[in-house]
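I opened this entry to look up the ligand site and the internal voids. My notes are below.

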Amino acid sequence: MAFTTKTFVRGTEIDVAPLEIISFKKIAERNEDECARLYKAAQSPGFFLLDVKDSEQYVADIQRVYALTEQYFSQPEEVKMKDFRLGDEFRGYKDYKGPNVSTFEVLRDEVDENASLPKAFQPETGVISRFVSDSQNLVTTMAARLSELLWPGSHNCLESHYRPSEASKTSLKVIRGPMLEKLADVGDNTHTDGGILTLMYCDKWTTQIELPNGGEWAWVDPIPGHAIVNVGDALQTFSGGRLRSCKHRVSQVGDGAEERWAITYFLRPADGVDPAAI
Ligand SMILES: O=C(O)CCC(=O)C(=O)O
Ligand SMILES: [Fe+2]
């Protein structure tokens, strides 16, 4: 992996993670060099940027989903609490009061069902539905190319883990996670993602990854028209450790409150598929 570079954000000099930029158009066309670069980035650091600018409609939909996210979280707490699902890890509204983060999550399987989306999304359910279907196409195309390189000559082994026609916890999750007045108040939320592949959209410098070998942290450049993609724990396990689920966290550069929205799409194993048992 290349070395970090430096840039200034909010008046502070920071280290930028040297992430590969993979063209979705090229991997969709099975460009061999691009697929090899995808595989390499998924091996190390397990984080990369996916250029999605070739689909004008999808890029416009990202902006619409940001706008809907803002509209949703701007509602009064008691309205959002109607979407709270007690004991359900993957569905509905959640308010994490400590870290000042709130989320709303809907399963891919349920996005087209009546009433699975709250009122604030209702005027644009078609946009959400198309965004989910296009995001699914991005992650499953990447999974198919990775599968071909992990198990040459075999038929899409990874598909047998996420089984697109069966029930799964594959989902869209939108997030309100504002930057805080004081950097010192941002708690440590270091984690890896549990699923197969994550797509993430966030237009601010708030994602940090742990660089391979050495445990140093660097910032992910939120380049417009690009998804931030990372390998999850299930894919690390399915690949026998050949692909890497990279530690990351949400933080902020310096002090200063600022509103912040993020959109995430998680490709997860089909219900009943246990990565630990593979
Ligand atoms: O809030 C964000 O920017 C995304 C957080 C994240 O890494 C996740 O939801 O897995
Ligand atoms: Fe994450």
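These notes take the ligand first and the cavities after. I am working on a predicted model.

**Ligand 1: the shell**

I began with the residues around ligand 1. I found Lys173, Ile175, His191, Asp193, Met200, His248, Val250, Arg260, Ala262 and Phe266. I then sorted this shell by class. The count is 5 nonpolar, 2 polar and 3 charged residues. Next I asked which strands each supply at least two residues of the shell. They are β7 (171-176), β12 (248-250) and β13 (261-267).

**Ligand 1: polar atoms**

I looked up distances from side chains to the ligand's oxygen atoms. For His191, a polar side-chain atom lies 3.1 Å from an oxygen atom of ligand 1. For Asp193, the distance from a polar side-chain atom to a ligand oxygen is 3.1 Å. For His248, I read 3.2 Å between a polar side-chain atom and an oxygen atom of ligand 1. How much of the ligand does the protein bury? Ligand 1 taken alone exposes 290 Å², and the protein buries 90% of that. I also checked which space ligand 1 takes. That space is the largest pocket.

**Cavities: the search**

I turned to closed voids. How many cavities of 30 Å³ or more does a search of the whole structure find? It finds 2.

**Largest cavity**

I noted a volume of about 40 Å³ for the largest cavity. Its lining is made of Val65, Phe104, Val106, Leu117, Phe121, Ile128, Leu172 and Val174. By class, I counted 8 nonpolar residues in this lining, with no polar and no charged ones. Two strands, β6 (101-107) and β7, each supply at least two residues of the lining. I had already met β7 at the ligand, where it supplies at least two residues of the shell. From β7 (171-176), I see Lys173 and Ile175 in the ligand shell, and Leu172 and Val174 in the lining of the largest cavity.

**Second largest cavity**

The second largest cavity has a volume of about 30 Å³. I listed Arg108, Gln136, Tyr162, Arg163, Pro164, Glu166, Ser168, Thr170 and Leu267 along its lining. Is this lining of one class or mixed? It is mixed, with 3 nonpolar, 3 polar and 3 charged residues. The charged ones are Arg108, Arg163 and Glu166. One of the nonpolar ones, Leu267, falls in β13 (261-267), a strand I had noted at the ligand shell.

Conventions. Residues are numbered from 1 along each chain as its sequence is written. Chains are lettered from A and ligands numbered from 1 in the order in which they are written. This is a predicted model: local features need pLDDT of at least 70, side-chain atom pairs count only at pLDDT 80 or more; totals for chains, interfaces and linings use all residues. Side-chain values use heavy atoms; hydrogens and water are left out. A residue is near a molecule or strand if one of its heavy atoms lies within 4 Å of it. A polar contact is a pair of N or O atoms within 3.5 Å; within protein, one must be able to donate a hydrogen and the other to accept it, and residues adjacent in sequence count only if both atoms are side-chain atoms. Accessible areas come from the Shrake-Rupley method with a 1.4 Å probe; for residues, only the protein chains shown count as cover. On a 1 Å grid over the protein atoms alone, a cavity is a set of points where a 1.4 Å probe fits but cannot get out, and a pocket is an open set with protein on both sides within 12 Å along at least five of seven lines; lining residues have an atom within 4 Å of a point. A molecule sits in a cavity or pocket if more than half of its atoms lie within 2 Å of its grid points. Helices (H or I, at least four residues) and strands (E, at least two) are DSSP runs, numbered from the N terminus. Grid points are joined across faces, edges and corners, and a volume is the space filled by probe spheres set on the points.
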